[in-house]
Amino acid sequence: MKPAPFQYVAAKSVDDAIALLSKYGADAKLIAGGQSLVPMMNFRLARPEWLIDINRIDGLAGITQQNGMLRIGSLTRYSELEASEAVQRGVPLLRQMLPHIAHEAIRNRGTIGGSICHADPAAEMPVAMLALDATFELRGPSGARRVAADDFFLGQMTTGIEADEVLVAIKIPETKNDERHGFSEFARRRGDFALASAAVVLRFNGGMISDHVRIAVGGLSERAERARKAEALLAGKTLTPTLIEEAAHTASGEVQAGQDLHATEAYRRSLIATQVKQALAVAADRTSSTGAKK
Ligand SMILES: Cc1cc2nc3c(=O)[nH]c(=O)nc-3n(C[C@H](O)[C@H](O)[C@H](O)COP(=O)(O)OP(=O)(O)OC[C@H]3O[C@@H](n4cnc5c(N)ncnc54)[C@H](O)[C@@H]3O)c2cc1C
C-alpha cells in the first residue's frame, strides 16, 4: 500500500523542529530513519499530514564521551553505533545487542532515537536502555528536561515524550570495571523482532553481586520492563547456576506477558525464563561479558 497524502518539511535545527511540531500539532510527525514510521504510513496505521524531517539537523547525530558517560545524539544510526570504538569500549552491552536489530540495510538508516520514541514492546533498544540506566534529553517549547529510561516507556508505542518535544540525546553511564552484563533474545528468524529478549547488568563487590542489579525484558505485550523481584533476589548473593535458575523463573513470572498472534502466554513466559537465564549465564562468564581475561 502507499501512504495517505502528506506534506514534507525539513527542519533546519532542533528549535525549528520544535516550532514546526508546535505549529502543526497532532497532524505532524518527526521522521528520522523512517524504518518504523514509513511502514506504518504505508499500512495507513499512521496518517500524519506533515512529515518533519530531522535528518539535516547538524549535531543531532554523533557519539561523545563526557565524565564517565556516553552521549549519543538521537539521530545516530545503528550502523554508526556498531562501528563505534567508544561504544565497544564504553558500553559493550549495547554493542552486543545491536546485531539483533533487524538487518544491515535497516541498521544503516534506523536511529537510536527513532527506536526509543517508537517504543515497540518487541524492540531491543528499550530493553538495553533500561538495563543500562540510560537518561533521555528532551527539548520542547518550554526548554530541556531529562527523563530516565525507567520513567519513559509507558505502554505499547507510548512514551513520556510530549507531542511537541524532540528527543535530542541519550546518555549512558560507561560500564564500570566491576560490572558484568549479558544480552539474549529469541526470534523466529535472524533479524525478526524478538519474541522475548533480556539484558542484564550486574555490579560486583568482591565475589558478591552488589545492589546494582538490572534485568530488563522485552518482547512483552505492553512495553519493555524491568524484572525487579528477580533483581532483588540476586542482590548481595553469589551468582551460582541455581540462583540464575531462580532469578529466571522469578523474572518470567513477574513481567506482563500476554497472548498474541505469535505466542501463547505460557510459551512467552517460558521464552522469557530462557532468555533471562542465558543473559545471566553470559554475565557469569567474565570473558564474554566484558572482553576481559578471566
Ligand atoms: C523489516 C524491518 C525489520 C525491523 N526489525 C526490527 C527489529 O528486529 N528490532 C527493532 O528494534 N526494530 C526493528 N525494526 C524497526 C527499526 O529498528 C526502526 O529503525 C526503529 O524502530 C525506528 O527508528 P527510525 O530512525 O527508523 O525512526 P522513524 O521510523 O523515523 O520514527 C519512528 C517514530 O519515532 C519518532 N521519532 C523519531 N526520531 C525522533 C526524535 N529524535 N524525537 C522525537 N520523536 C522521534 C517519529 O516521529 C516516529 O513516531 C525493523 C524495521 C523494518 C522495516
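These are my notes from a look through a predicted model, element by element.

**Helix H1**

I started with H1, residues 14-24, and asked which of its residues are buried. They turn out to be Ala17, Leu20 and Leu21. Looking down the axis of H1, I find these buried residues within an arc of 100°, so they line one face of the helix. That fits the usual rule: an α-helix has 3.6 residues a turn, so residues three or four places apart point the same way. Next I checked what covers the buried residues of H1, and the cover includes strands S1 (7-10), S2 (28-31), S3 (50-53) and S10 (166-173). After H1 comes Gly25, with a positive phi near 55°.

**Hairpin S4/S5**

I moved on to S4 (residues 63-66) and S5 (residues 69-73), which pair in the antiparallel sense over 4 bridges. For register, I noted that Thr64 has Arg71 in S5 as its bridge partner. The two strands make a hairpin with 2 residues between them. Asn67 sits in that turn, and its phi is positive, about 45°.

**Around the ligand**

Then I went to the ligand. I count 31 residues around the ligand, and the ones that come nearest are Gly33, Gln35, Gly110, Gly114 and Ala123. Which element gives the largest share of the shell? It is H7, with 5 residues. S2, H2 (37-42), H7 (112-118) and S10 each supply at least two residues of the shell. By type, I get 16 nonpolar, 12 polar and 3 charged residues in the shell. S2 and S10 therefore turn up in my notes twice, here in the shell and earlier in the cover of H1.

**Arg139**

I picked out Arg139, which is found in strand S6 (residues 135-140). Is Arg139 buried or partly exposed? I make it partly exposed, because it has 18 C-beta neighbours inside 10 Å, and a buried residue needs 20 or more. Leaving out residues up to four places away in sequence, Arg139 touches Val14, Ile18, Ala144, Glu165, Val166 and Val168. I also looked at Leu167, which is 28 residues from Arg139 along the chain; their C-alpha atoms are separated by 6.5 Å.

**The S11-S14 sheet**

Here I traced an open sheet of 4 strands in the order S11-S12-S13-S14, paired antiparallel. Its edge strands are S11 (179-186) and S14 (225-226), each of which pairs on one side only. Even so, S11 is mostly covered, with 7 of its 8 residues buried. S11 pairs with S12 (residues 196-205) over 8 bridges, and I see Arg180 standing opposite Leu202 in S12. At the other edge, 2 bridges join S13 to S14, and Val217 has Glu225 in S14 as its bridge partner.

**Helix H11**

Last, I checked the length of H11, residues 241-254. At 1.5 Å a residue its 14 residues should span 20 Å, and the end C-alpha atoms are 20 Å apart, so the two figures agree. The buried residues of H11 are Ile244, Ala247, Ala248, Thr250, Ala251 and Ser252. I asked what they pack against. The partners are strand S13 (208-218), helix H10 (228-234) and helix H12 (265-284). That brings me back to the sheet, where S13 stands between S12 and S14 in the strand order.

Technical notes: Residues numbered from 1 in each chain as written. Predicted model: local features only at pLDDT ≥ 70, side-chain atom pairs only at ≥ 80, totals over all residues. Buried ≥ 20, exposed ≤ 12 C-beta atoms within 10 Å, placed from the backbone. Arc of directions from axis to C-beta. Contact = placed C-beta atoms within 7 Å. Pairing = 2+ DSSP bridges. Near = placed C-beta within 6 Å. Nonpolar A, V, L, I, M, F, W, Y, C, P; charged D, E, K, R; others polar. Expected span 1.5 Å × (residues − 1).
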